[in-house]
Amino acid sequence: HQPRCLHRPSSVLGPSVSCGALQTMAPSLKAALPRALLVQLVASAWASAWVDKDTPTEHLSKSMPDGSNWTLVFSDEFEEDNRSFAEGLDAKWVATDKIHPPANAEYETYMAEAATTANGTLNLKMELPSCNGTANQSCRPMDPGFNMTSGQVSTWNKFCLTGGYVEVRVSMPGKGKAGDPKSVGFWPAIWMLGNLGRVNYQATMEGMWPYSYDTCNVTGDIGWLPPQRFPNTQCLNSSAPPHPLLGKHGRGVPEFDLAEVMVSNNTPAISQTFQVAPFNLGCQPVDPSQISANMNGSFLVPPTKQDWFGCQYQQSIGYSTGTKEGHGFGGSDFITIGVEWRTGPDGYIEWSIDGNKTWRLGAGAVGGVKGQVGPRPIPNEPMYLILNLAMSYSWGGPLPYPFYPDPEYMDFPATMHVDYVRMYQHPNETNIGCDPPDYPTAAYIASNPNNIYTDPNAKPPNNTRVAEKVSEAVVASKQATRPQGSRVSEESQLFVALV
């Protein structure tokens with residue numbers, strides 16, 4: 001299931017020109033067309049490679065609230081049954097395989113076979129097949145027979161974008177009914193990370209997550225988060241040296257969460273957050289006027305500012321929104337989650353549910369504080385998407401008595417259904433790919449220092465201050481190779497031929 005040319009009309013060369021024809025015409029085009037027009041043509045062809053042929057025509061563009069019309073740059077409608085997302089088998093997604101998440105006190109182990117497609121949806125299935133060999137026996141995570149499995153997929157190192165709008169239509173497991181023991185406990189999530197951090201490969205996160213920072217700290221380190229591993233190259237007093245494969249900017253693995261879904265004794269709630277580093281003292285927004293919430297949306301409970309701001313390991317700014325009971329749950333009722341962001345000093349992040357804005361964060365909310373910290377930009381890093389179904393005793397809705405997964409109280413298997421994923425960008429601000437010139441990632445990932453991108457148990461490279469000293473990583477300044485599982489489409493061949 002690789003990206004295919006959409007063969008839609010070209011605004012440049014007329015309605016009858018396909019991507020295949022463009023490849024044949026490449027030599028003459030390169031000689032005849034102005035470079036600016038050529039770049040526009042190549043960008044259009046490259047973007048169309050990621051658009052699913054099953055995406056309805058009316059969704060190839062999207063009218064935005066400001067009146068602009070944005071272009072679809074990525075989509076997956078999941079209409080093809082029985083897709084496999086194991087490493088190297090899918091051009092758009094890779095499944096996490098045989099990894100127990102090392103953070104957040106999670107119960108599940110992610111398995112590639114827990115993610116598949118059927119009946120027009122991506123299905124992430126959580127199972128508790130047995131405990132000590134007995135299917136219906138109460139099962140605790142400390143039991144040797146505990147074997148909960150679930151699914152997680154991401155576009156890591158395959159498709160990224162810098163700025164844009166991401167929309168996911170999803171149905172969560174359970175009934176979405178407050179106080180119902182068969183509804184609580186599940187923790188489905190839709191979220192994004194910077195491409196330098198591979199999800200659940202913790203060594204790639206050390207000194208990287210959730211930094212979005214391009215200046216030098218004034219007060220030094222605040223909180224318990226390791227210092228930024230790769231600060232701006234002008235930070236000469238930093239103990240972390242610049243890296244020849246990562247450019248001049250401060251680098252990191254920023255995170256924002258489109259949705260973390262919880263069902264408690266009150267109401268189904270969707271948490272939408274931005275993780276920030278380094279922190280400002282108190283972890284409060286620098287300019288509260290840069291934050292606004294929509295109190296007029298069709299929500300059961302309007303967006304409510306979260307009262308947890310982190311500060312030991314992260315600074316978190318977020319809102320939670322209560323949804324109508326059962327809406328977006330059970331595999332038949334779907335809810336649409338969205339996030340829009342623009343980078344730069346006037347940038348912002350704006351979250352939505354079912355097309356209604358929930359809250360907005362302007363760049364000034366995480367700006368600099370004199371004598372403390374510089375501005376934390378809306379991420380300039382190429383960002384990739386993650387979809388997963390988790391369970392934790394420290395996050396998500398509280399598990400019912402006896403406070404651990406129990407098939408007598410909860411319905412297993414449980415499935416998170418994803419109807420589609422669509423991503424859009426302003427036609428004048430197209431920036432897709434995981435290796436943009438100003439924020440490169442490919443060569444560094446290919447160098448794979450200390451095997452941090454292939455071994456989930458690897459130790460961080462010894463170029464940052466960490467508690468446990470490890471052997472120094474050998475960082476090869478070799479030319480980047482295509483990541484495993486990449487496939488050369490006719491659009492990529494066209495790109496090479498033209499450029």
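Pro278 sits in the loop that runs between β12 (268-276) and β13 (291-293), and in this predicted model the peptide bond leading from Ala277 into Pro278 is cis, with omega near -5 degrees. A second cis peptide bond joins Trp209 and Pro210, where omega is about -15 degrees, and Pro210 likewise belongs to a loop, the one between β10 (186-194) and β11 (255-263). As a general background to such geometry, most peptide bonds are trans, and most residues other than glycine have a negative phi.

The strands β10, β11 and β12 that border these loops also take part in an open sheet of 8 strands, whose order is β3-β8-β19-β10-β11-β12-β15-β14 and whose pairing is antiparallel. At its edges lie β3 (94-95) and β14 (301-305), each of which pairs on one side only. The partner of β3 is strand β8 (residues 152-154), to which β3 is linked in the antiparallel sense over 2 bridges; within this pairing, Val94 has Ser154 of β8 as its bridge partner.

Another set of pairings centres on strand β2 (residues 69-76), which is mostly covered, with 6 of its 8 residues buried. Strand β1 (residues 61-63) pairs with β2 in the antiparallel sense over 3 bridges, and Ser63 stands opposite Asn69 of β2. The hairpin formed by β1 and β2 has 5 residues between the strands, and there Gly67 takes a positive phi near 95 degrees. Strand β2 is also joined by 5 bridges to strand β20 (residues 414-425), the two running antiparallel, and in this pairing Phe74 is set opposite Met423 of β20.

Positive phi values are also found outside glycine. Asp354, which is not a glycine, has a positive phi of about 50 degrees, and its place is in the loop between β17 (348-353) and β18 (356-362). How covered is this residue, given that buried would require under 20% relative accessible area and exposed over 50%? Asp354 has 36% relative accessibility, and therefore counts as partly exposed.

Asn451 offers a further case, since its phi is near 60 degrees, a positive value in a residue other than glycine. Asn451 is located in the loop between α3 (442-447) and α4 (490-498), and because its relative accessibility is 44%, Asn451 counts as partly exposed.

Note on methods:
Residues numbered from 1 in each chain as written. Predicted model: local features only at pLDDT ≥ 70, side-chain atom pairs only at ≥ 80, totals over all residues. Heavy atoms only, no water. Pairing = 2+ DSSP bridges. Helix = DSSP H or I, 4+ residues; strand = E, 2+ residues; numbered from the N terminus. Buried < 20%, exposed > 50% of the residue type's maximum accessible area, 1.4 Å probe, protein only.
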